[in-house]
Amino acid sequence: TCTAPVNIAVIKYWGKRDTDLILPINSSLSVTLHQDQLKTTTTAAASRDFTEDRLWLNGKEEDVGHPRVQACLREVRRLARKRRGGGEDTAALSLSYKIHIASENNFPTAAGLASSAAGYACLVSALARLYGVEEELSEVARRGSGSACRSMFGGFVQWQRGERPDGTDSLALQVAPETHWPELRILVLVVSGEKKPVGSTAGMQTSVETSPLLKHRAEVVVPERLAQMMKHIQERNFEGFGQLAMRDSNQFHATCLDTFPPIFYLTDLSRHIIALAHRYNAHHGHTKVAYTFDAGPNAVIFALADTVAEFVEVVRRSFPPATNGDQFVRGLPVGSAVLSQELVAAVVTEPLPGAVQYILHTKPGPGPQLVDDPSQHLLGADGLP
């Protein structure tokens with residue numbers, strides 16, 4: 001049994017140059033979120049008694065024949081065979097046994113919170129443990145979901161585009177560990193747990209085929225931004241990091257708008273949150289909070305620890321919780337803050353009650369972890385959930 005984290009891209013990946021191998025048209029850079037708040041847990045078991053491969057996701061049986069699941073299984077088994085040099089190791093787990101896999105997310109699936117990244121990183125980590133594979137695994141995770149390769153590491157992670165047609169150099173690398181920037185915090189403003197209207201895979205391909213802006217972004221804009229973002233992270237320069245994260249998020253959504261027919265992942269509420277962040281920063285005279293949005297309406301806000309309490313109170317005033325006042329802020333504890341009248345007047349406009357469902361407070365965290373506690377396994381002794 002393994003757990004694996006969600007990651008949030010600050011320099012976005014959008015568009016594949018090879019849809020089978022999931023090779024991106026540009027490199028990307030992300031922050032791995034802490035698993036105490038957001039994680040996938042996966043248990044994988046193999047037995048001579050199993051009659052077929054089976055897969056359960058969040059308690060419901062799913063199609064184990066899904067091409068991406070099969071790609072990950074095939075690759076890990078190939079590495080396991082290679083590791084054994086084709087010889088028959090009786091002590092090792094037989095590669096011919098059928099396997100059962102159970103996976104659970106502790107956050108909404110397919111709502112633009114990178115559930116596939118955590119899911120496939122976790123699947124590959126659990127399978128690798130099962131088969132005793134210790135090779136570089138980000139390339140395998142990429143076969144399941146592009147962004148999953150970044151969830152194979154903690155902290156700050158770059159996914160290199162790579163040049164080779166077989167994808168062997170399209171890998172993730174850690175830029176800095178999760179301990180590198182201890183003051184950095186992340187607030188996920190969950191506005192919708194609904195499934196998004198256009199899945200990322202379909203959206204990307206339409207963008208690649210129809211958006212001239214996407215081509216310009218991949219070839220000209222991203223390489224320069226990637227170098228800048230790595231420098232901001234190394235120097236722990238929040239002003240530079242925050243500005244660039246917001247600009248890159250905006251440009252990613254501009255390429256969605258430049259797609260034909262256009263794709264809308266941001267909602268009116270997403271735009272309210274963007275405007276709120278800019279008013280808040282303008283009031284303070286510098287970048288204290290930075291937003292980024294993946295392919296969905298939920299806002300991810302970066303801030304330093306000393307800003308969190310005040311900004312959470314601003315969000316609470318702007319989007320008063322409808323019913324769950326006590327459950328509105330989850331994750332890491334958030335202190336209370338008193339807002340000045342000037343701040344309220346400058347930043348909090350017409351409140352929208354109930355618009356934000358809840359806020360999840362977290363920080364950068366580590367990559368996949370092995371779970372030793374038997375009570376955490378998702379499959380019983382009979383191999384069933």
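Select strand E7 (residues 54-57) and strand E9 (residues 98-105): the two run parallel and are joined by four bridges. Strands and helices here are DSSP runs numbered from the N terminus, with at least two residues for a strand (E) and at least four for a helix (H or I). Two strands count as paired if DSSP finds at least two bridges between them. Within this pair, display Trp56, whose bridge partner in E9 is Ala102.

The model is predicted, and local features need pLDDT of at least 70, side-chain atom pairs count only at pLDDT 80 or more, while totals for chains, interfaces and linings use all residues. Residues are numbered from 1 along each chain as its sequence is written, and side-chain values use heavy atoms, with hydrogens and water left out.

**The six-stranded sheet**

Extend the selection to the open sheet of six strands, which has the order E8-E7-E9-E6-E1-E17 and mixed pairing. Its edge strands, each pairing on one side only, are E8 (60-62) and E17 (369-370). Next, add helix H2 (residues 115-131), which packs on this sheet and touches E1 (2-5), E6 (39-47), E9 and E17. The direction of H2 makes about 35° with that of E6. Axes are lines fitted to C-alpha atoms, for helices over the stretch in contact, and angles run from 0 to 180 degrees between N-to-C directions. Contact means heavy atoms within 4.5 Å.

**The four-stranded sheet**

Move to the open sheet of four strands, ordered E2-E5-E10-E11 with antiparallel pairing. Strand E2 (7-11) and strand E11 (172-176) are its edges, each pairing on one side only. From one strand to the next, the twist averages 35°. Select strand E10 (residues 156-159) together with E11 to see an antiparallel pair with four bridges; here Gln158 stands opposite Leu173 in E11. Then show H6, which lies across E2 and strand E5 (28-32) and runs at about 90° to E2.

**Helices H5 and H6**

Keep H6 (residues 238-258) and add H5 (residues 212-234): the two pack at an angle of about 165°, with their axes 10 Å apart. H5 is therefore roughly antiparallel to H6, a class that covers angles over 145 degrees, whereas those under 35 count as roughly parallel, 65 to 115 as roughly perpendicular and the rest as oblique. Their crossing is left-handed, a term used if the near helix is turned anticlockwise from the far one by less than a right angle, with clockwise giving right-handed. Residues to display include Leu214, Arg217 and Met229 of H5, and Phe241, Leu244 and Asp248 of H6. By class, this contact has ten nonpolar, five polar and five charged residues. Ala, Val, Leu, Ile, Met, Phe, Trp, Tyr, Cys and Pro count as nonpolar, Asp, Glu, Lys and Arg as charged, and the others, Gly among them, as polar.

**Helices H7 and H8**

Now select H7 (residues 268-284) and H8 (residues 305-318), whose axes come within 12 Å and cross at roughly 130°. That angle makes H7 oblique to H8, and the crossing is right-handed. Leu276, Tyr280 and His284 of H7 meet Thr307, Glu310, Phe311, Val314, Val315 and Ser318 of H8. Five nonpolar, three polar and one charged residues make up this contact.

**The two domains**

Finally, colour the chain by domain: domain 1 is 2-177 + 370-376 and domain 2 is 184-362, with bounds from an automatic or database domain assignment. Their C-alpha centres lie 27 Å apart. Across the boundary, 31 residues of domain 1 are in contact with 49 residues of domain 2.
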